[in-house]
Amino acid sequence: MQSAAFTLSPSLSLPLRNHSLNSSRPSLPLRLFAKHTEGVNSNVASSTSFLRRSWTLSPSPSSSFKFRPLPPSPPRAAENAVPDSAPAENSQLLKTLQLGALFGLWYLFNIYFNIYNKQVLKAFHFPVTVTLVQFAVGTALVSFMWGLNLYKRPKLSGAMLVAILPLAVVHTLGNLFTNMSLGKVAVSFTHTIKAMEPFFSVILSAMFLGEFPTPWVVGSLVPIVGGVALASVTEASFNWAGFWSAMASNVTNQSRNVLSKKAMVNKEDSLDNITLFSIITVMSFFLLAPVAVFMEGVKFTPAYLQSAGVNVRQLYIRSLLAALCFHAYQQVSYMILQRVSPVTHSVGNCVKRVVVIVSSVIFFQTPVSPVNAFGTAIALAGVFLYSRVKRIKSKPKAT
């Protein structure tokens, strides 16, 4: 059995025969809907198609009613659709949290490296041997990762090793000069001098790459140089050996950056940053080992350390922790560089230097005068400004 439902609709007026009532009451429109009742016999196809449509009553001159089909209703499935933006937002939030964790680890490993390294260098005055120990621990870590396939071992040719060799040389010298400076002056002062890295980067890039700085970049170098000069004049732990060692570290580290741009020209032979750093670490160990033995002898043995009155166990533990933190912060730095732009990484490096200086001053109770702090702040502000204006391109000259 079938049933039909009638509802009121504003689309059509049905006139009443009593005109007097019509004049005092509004007309009541009617709409007829024919619905199929569930569970009833519906074997006839024609009646089924009839029942699935909506119909209205339409007046005619003969006062009889005709059925006229209504236009089909728009689909309403979109009203119940679930937005797809939620998974994308969760994925973006997860990436942001991961990046924040990497920056935190980068700063934390840097802080602990400088603290443990300074403690080792204060007790053991052989910076070449200390640097060699750090490269030895790094070589062991790289060999462990390659041996267990935790990181893909690269296939190197003789030509690639020849191209990487200059990078390994300047990398070795850069870390050696840094340790020499840390052994002579305060950690905060070493890192204040190393804030002049952009100055040497601009000079070396112009000399060897033909990349000349914009006026904005040149202007940002003024507070860097002025701040370092002011901090150096008022530094309580100042000595020329520590100062020039830090300056030499700036030159060698920035030379490494310039050489790395020229080393792998062929894209097929190019290596990612983590693999390149791993290869350089192994090569630096073999380069520095004979130099350390020749310059300082074998001084890291327990017998020598005990005869020098050094706590052997404490020195070994701190040396190991310093080496682990050194390679950990380098690896994390390259992981961050793969996720952000070089400008963002440069800003993060500037913030890292501030964090290291402040933490070392607090930990070692380094005396800092107001003028010295002001000079350091100016230099670091210049580094931050440099990292921001470096991406501003100079306008091409009109021909």
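Colleague: Which residues does methionine 196 touch, not counting residues up to four places away in sequence?

Modeller: The model is predicted. With sequence neighbours up to four places away left out, the residues that methionine 196 touches are Ile224, Val225, Val228, Met247 and Asn250.

Colleague: Which helix gives the most to the largest nonpolar core?

Modeller: This core has 21 residues, and Met196 is among those with the most contacts inside it, as are Ile193, Ile224, Met247 and Tyr386. Helices supplying at least two residues each include α8 (215-233) and α9 (240-263). Five residues come from the helix that gives the most, α14.

Colleague: How many residues are in the other core, which lies apart from it?

Modeller: Ile111, Ile115, Val133 and Val312 are among the members of this other core. Its residue count is 16.

Colleague: Why does the pair of phenylalanine 326 and tyrosine 329 count as edge-to-face?

Modeller: Both residues lie in helix α12, three residues apart, about one turn of the helix, and both are buried. Their ring centres are 5.7 Å apart. The cut-off for edge-to-face is over 60 degrees. The pair is edge-to-face because the planes stand at 90 degrees.

Colleague: Is phenylalanine 286 buried or exposed?

Modeller: The ring of phenylalanine 286 pairs edge-to-face with that of phenylalanine 285, with centres 5.2 Å apart. Phenylalanine 285 has 21% relative accessibility and counts as partly exposed. At 57%, phenylalanine 286 counts as exposed.

Colleague: What distance does helix α12 reach from its first C-alpha to its last?

Modeller: Helix α12 covers residues 312-337, 26 residues in total. At 1.5 Å a residue the expected value is 38 Å, and the model comes close to it, at 38 Å.

Note on methods
Residues are numbered from 1 along each chain as its sequence is written. This is a predicted model: local features need pLDDT of at least 70, side-chain atom pairs count only at pLDDT 80 or more; totals for chains, interfaces and linings use all residues. Side-chain values use heavy atoms; hydrogens and water are left out. A nonpolar core is a set of buried Ala, Val, Leu, Ile, Met, Phe, Trp, Tyr and Cys residues joined through side-chain atoms within 4.5 Å. Buried means under 20% relative accessible area, exposed over 50%, partly exposed in between (1.4 Å probe, protein chains only). Helices (H or I, at least four residues) and strands (E, at least two) are DSSP runs, numbered from the N terminus. Contact means heavy atoms within 4.5 Å. The expected span of a helix is 1.5 Å times one less than its number of residues. Rings of Phe, Tyr and Trp (its six-membered ring) pair if their centres lie within 6.5 Å; planes under 30 degrees apart count as stacked, over 60 as edge-to-face and the rest as tilted.
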